[in-house]
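Please open the model in your viewer and keep the selection tool at hand. The tour below proceeds one selection at a time.

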Amino acid sequence: MNNFEDLQNKWQNQSEVSATEDGFQSLLKSVKSIEQKQRTGNIVLTLTIIILVSFLIYVSGYKSATFMLGIGLMIGSLVIRIAIELFSLKRLRTINFSKNASTFTEDLTTYYSFRKYTHYIITPLALVFYTVGFVILLPLFKASLSNGFYVYILCSSVVFLVLFSVFLYKQVKNELFKLKQLQMQEGV
Amino acid sequence: MGSKEITYQKIYEENYPKVMRLCMGYTAGNESLAKDLVQETFIKIWQNLDAFRNESGIGTWIYRICVNTCLAEIRRERKKDRELQIDSLQVSDSSDNPAEKEDMLVQLYKCINKLSSTNKAIILLELEGLPQLEISEIIGIKHEAVRTRIHRIKQQLTKCVNNE
């Protein structure tokens, strides 16, 4: 029969795991690598937006309204999606881990609730606009490309769309699960 | 190493054991998951170190980051992880010559794991011997509410460990 004081005593006297120099060096390496990755990630996403927008401006000289509509929808939906992703990332990084647990849980719940709207409204819309844009461009591709290349573009796009949808589905499922768990924590 | 790195190393060396204990308690003794959480905690400590103003004491500040890191670690328990956990618990239980202390620790992990996330954090801090006022500052609920909750969890935990 153990009372709580016995448990506490055993807990505090459990075999000590102490910090090692190697452990610290590896931690420091991870810290630096994360900082580097965050910088690179931001640069890559920002560059992608700049390139896409520049490309849109470049092709705006074309007289074909159909082409402009198709490419505009595709690039526009991608730019909006990337911009929202960048904004979300920034918001997630500003969540303060040194606040008390109740405030922290509330902040995290607010963040995932915001993500829920992104997933339920923005992401499906972006996906639809992207697909519509692509479908609009298909006749132009067919007219100007060889049959083989046209079939290749068609098939690879379908594969890309399916894979991307699966990826998004998993991400949405995971974040909604987190939100549900957080709301349960808040209720306790 | 710069002065930030030196301070960081000191914080790491002094606080690693208690952070590890808390994370082990949070993950029901799953060492690899606990180590991931410890690493994540110290990464957050580094990222927030410049903003630390010593308003609450470094210990409380570190516990807050550690508890929040554990709370934020919501992942679906992978089947592989669950099996590993159960396997390791069974090995300890059925050993011919089990160290009584280790057995009790395993049982304690199991019982803590039955609690809600917030209650887990509260009781782990209590097991660490933190004053209840400090626990209430870390968790963000009133001192009186913490006191009541600790009393209830203590009873549940003791009952569970003694297989009542």
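Buried area is the accessible area, found with a 1.4 Å probe, that two parts lose on being put together, summed over both. The size of an interface is often given in this way, as the accessible area lost when the parts come together. Please bear in mind that this is a predicted model.

**Select chains A and B together.** Between them, chain A and chain B bury about 4,600 Å², and carbon and sulfur atoms carry 64% of that area. Which three residues supply more of the area that chain A buries against chain B than any other three? Select Phe4(A), Trp11(A) and Phe97(A), whose share is 19%. To see the wider interface, display the 45 residues of chain A that are in contact with 58 residues of chain B.

**Select chain A alone and show its secondary structure.** Five helices and zero strands appear in chain A. Following the sequence, the pattern reads α-α-α-α-α.

**Rotate chain A to view its overall form.** Its C-alpha atoms fill a box of roughly 85 × 40 × 30 Å along the principal axes. The radius of gyration of chain A is 25 Å, whereas a compact globule of 188 residues would have one near 16 Å.

**Display the surface of chain A.** Chain A exposes about 11,400 Å², of which carbon and sulfur atoms supply 68%. Of the 188 residues in chain A, 32% are buried.

**Colour the charged side chains of chain A.** There are 18 positive and 11 negative side chains, and the centres of these two sets lie 18 Å apart.

Terms used:
Residues are numbered from 1 along each chain as its sequence is written. Chains are lettered from A and ligands numbered from 1 in the order in which they are written. This is a predicted model: local features need pLDDT of at least 70, side-chain atom pairs count only at pLDDT 80 or more; totals for chains, interfaces and linings use all residues. Side-chain values use heavy atoms; hydrogens and water are left out. Helices (H or I, at least four residues) and strands (E, at least two) are DSSP runs, numbered from the N terminus. The radius of gyration is taken over C-alpha atoms; the globule rule is 2.2 Å times the number of residues to the power 0.38. Buried means under 20% relative accessible area, exposed over 50%, partly exposed in between (1.4 Å probe, protein chains only). Accessible areas come from the Shrake-Rupley method with a 1.4 Å probe; for residues, only the protein chains shown count as cover. Lys and Arg count as positive and Asp and Glu as negative; His and the chain ends are not counted. The place of a charge is taken as NZ of Lys, CZ of Arg, CG of Asp or CD of Glu. Contact means heavy atoms within 4.5 Å.
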